[in-house]
Amino acid sequence: MIHIKSKEEIELMRHSALLVSQTLSEVAAMLKPGLNTSSIDKFIGTYIADQGGVPSFLNYHGYPFNSCISVNDVVVHGFPNSRELQEGDIISVDIGIYKNGFHGDHAYTFMIGKPAQETIDLVRITKESLYKGIEKAISGSRIGDIAFAIQDHTERKHGYGVVRELVGHGLGRQMHEEPQVPNYGRRGTGPKLKDGMVLAIEPMINLGTREVFTEADGWTVRTKDGKPSVHFEHDVCIAKGKADILSNYAPIEAAEKKNPNLFSDY
Ligand code: MF3
Ligand code: CO
C-alpha cells in the first residue's frame, strides 16, 4: 500500500529531510585527503543526536553504522572504516534521520581533489539524471516514467551501467515504503503518482558494467569491474500535481564550493 501524507505530515517530513541536507553540508565542509570515513560517520552520529534526531540506518536490519559511506567502486551501503580519503576519490555519503515520526533519507557524491575526467562526467550525468527523474514526479505520470527518464539519460545516452539490484523507494514513517522506484523501466508502467506521495529517488550509476556484488560483510555493494559508481538521492513529494523536493542540495553545494579540497566545478 502506498501511504498518502497530509500537508502537516509533509511539513514534518520536510523537517527531517532538511536535517539530512544540513548534515550533508557539514560533511561537505569537513572532507579532505587523509580523513578516514569512520571519523565522518562518528561526526554524523553526534550531529544527528544534537539535532534531536535518530540515525535511521543504525540497526536497520542490523546495519552497524550511522551512515553509508561508499568510496569509488563501492556502489552503496559502504561501511565507514579506517581507510583515508585520497585525491581523486569519489565518496557518496548517504544519511537517514528519523525525527517527529518521519524519515529523511538522501545522498550526495563528492569528489576529493580532481578525479579522472570520465569520473567527473559520471558524477555530473548521474546528478542530471536525478533531476530528469524528478521532472517526471508529477501527478498523472507513473513510476515507470521516472525510471525511464533516469535510464534514458544514463544508459542510453551515455552508455553507463544502471544498477538493477537496488532501487529507490517510498519514504515516510518507515524508511522503505511502497512503491519501489527503479532507475530503469518502461514509460507508462507501474503505480500512478498522486498528491501526498513521497519518494526517495536515487540513481546508482556505474561507469562500466551494471553488474555488482555484495561483499562478505553482507552490506558493501561493489561494481564487478572495479570501476567507479555514483549515487545521488533526493526526497521528493508530489504536491498540487508537481514535484516538491523536500531535501535541499543548496547548502551542500555551497559548502562543496567553499571547500578547496573538493572538486565542484562540473
Ligand atoms: N538510502 C539507502 C536506502 O534507501 C540507505 C539504506 S542503508 C541501510 O536503502 F543500512 F539502512 F539499509
Ligand atoms: Co534511500
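Me: How do the residues of the shell around ligand 1 divide into nonpolar, polar and charged?

Reply: The general idea is to sort the neighbours of a molecule by class. This model is predicted. In the shell around ligand 1, six residues are nonpolar, three are polar and four are charged.

Me: Which residues come nearest to ligand 1?

Reply: There are 13 residues around ligand 1, and the nearest of them are D94, D105, H169, H176 and E202.

Me: Which side chains have a polar atom at a short listed distance from an atom of ligand 1, and what are the distances?

Reply: For a polar contact, look for a pair of N or O atoms within 3.5 Å. H169 has a polar side-chain atom 2.8 Å from an oxygen atom of ligand 1. In the side chain of D105, an N or O atom is 3.0 Å from a nitrogen atom of the ligand. E233 places a polar side-chain atom 3.1 Å from a nitrogen atom of ligand 1.

Me: How much of the area of ligand 1 does the protein bury?

Reply: Compare the ligand alone with the ligand in place. Ligand 1 taken alone exposes 340 Å², and the protein buries 95% of that.

Me: What space does ligand 1 take?

Reply: Ligand 1 takes the space of the largest pocket. That pocket holds about 400 Å³ of space. Its lining consists of 24 residues, and those closest to the centre are H77, H169, M175, H176 and E202.

Me: What is the make-up of that lining by class?

Reply: The lining of the largest pocket has eleven nonpolar residues, seven polar ones and six charged ones.

Me: Which strand gives the most to the lining?

Reply: Strand 8 does, with four residues. Both strand 7, residues 168-170, and strand 8, residues 177-181, supply at least two residues each.

Me: Where is there a cis peptide bond, and what is its omega?

Reply: Start with the general rule: most peptide bonds are trans. Here a cis bond joins E178 and P179, with omega at about 0 degrees. P179 is found in strand 8, the strand that gives the most to the pocket lining.

Me: What is the sign of phi in H77, positive or negative?

Reply: Again, the general rule comes before the case. Most residues other than glycine have a negative phi. The phi of H77 is positive, near 60 degrees. H77 lies in the loop between strand 3, residues 74-76, and strand 4, residues 90-99. H77 is also among the lining residues closest to the centre of the largest pocket.

Terms used:
Residues numbered from 1 in each chain as written. Chains lettered and ligands numbered in written order. Predicted model: local features only at pLDDT ≥ 70, side-chain atom pairs only at ≥ 80, totals over all residues. Heavy atoms only, no water. 1 Å grid on protein atoms, 1.4 Å probe; cavity = no way out; pocket = protein on both sides within 12 Å on 5 of 7 lines; lining within 4 Å. Points joined across faces, edges and corners; volume = space filled by probe spheres on them. Nonpolar A, V, L, I, M, F, W, Y, C, P; charged D, E, K, R; others polar. Near = heavy atom within 4 Å. Polar contact = N/O pair within 3.5 Å; in protein donor to acceptor, adjacent residues only side chain to side chain. Areas by Shrake-Rupley, 256 points an atom, 1.4 Å probe, with all protein chains shown as cover. Sits in = over half its atoms within 2 Å of the grid points.
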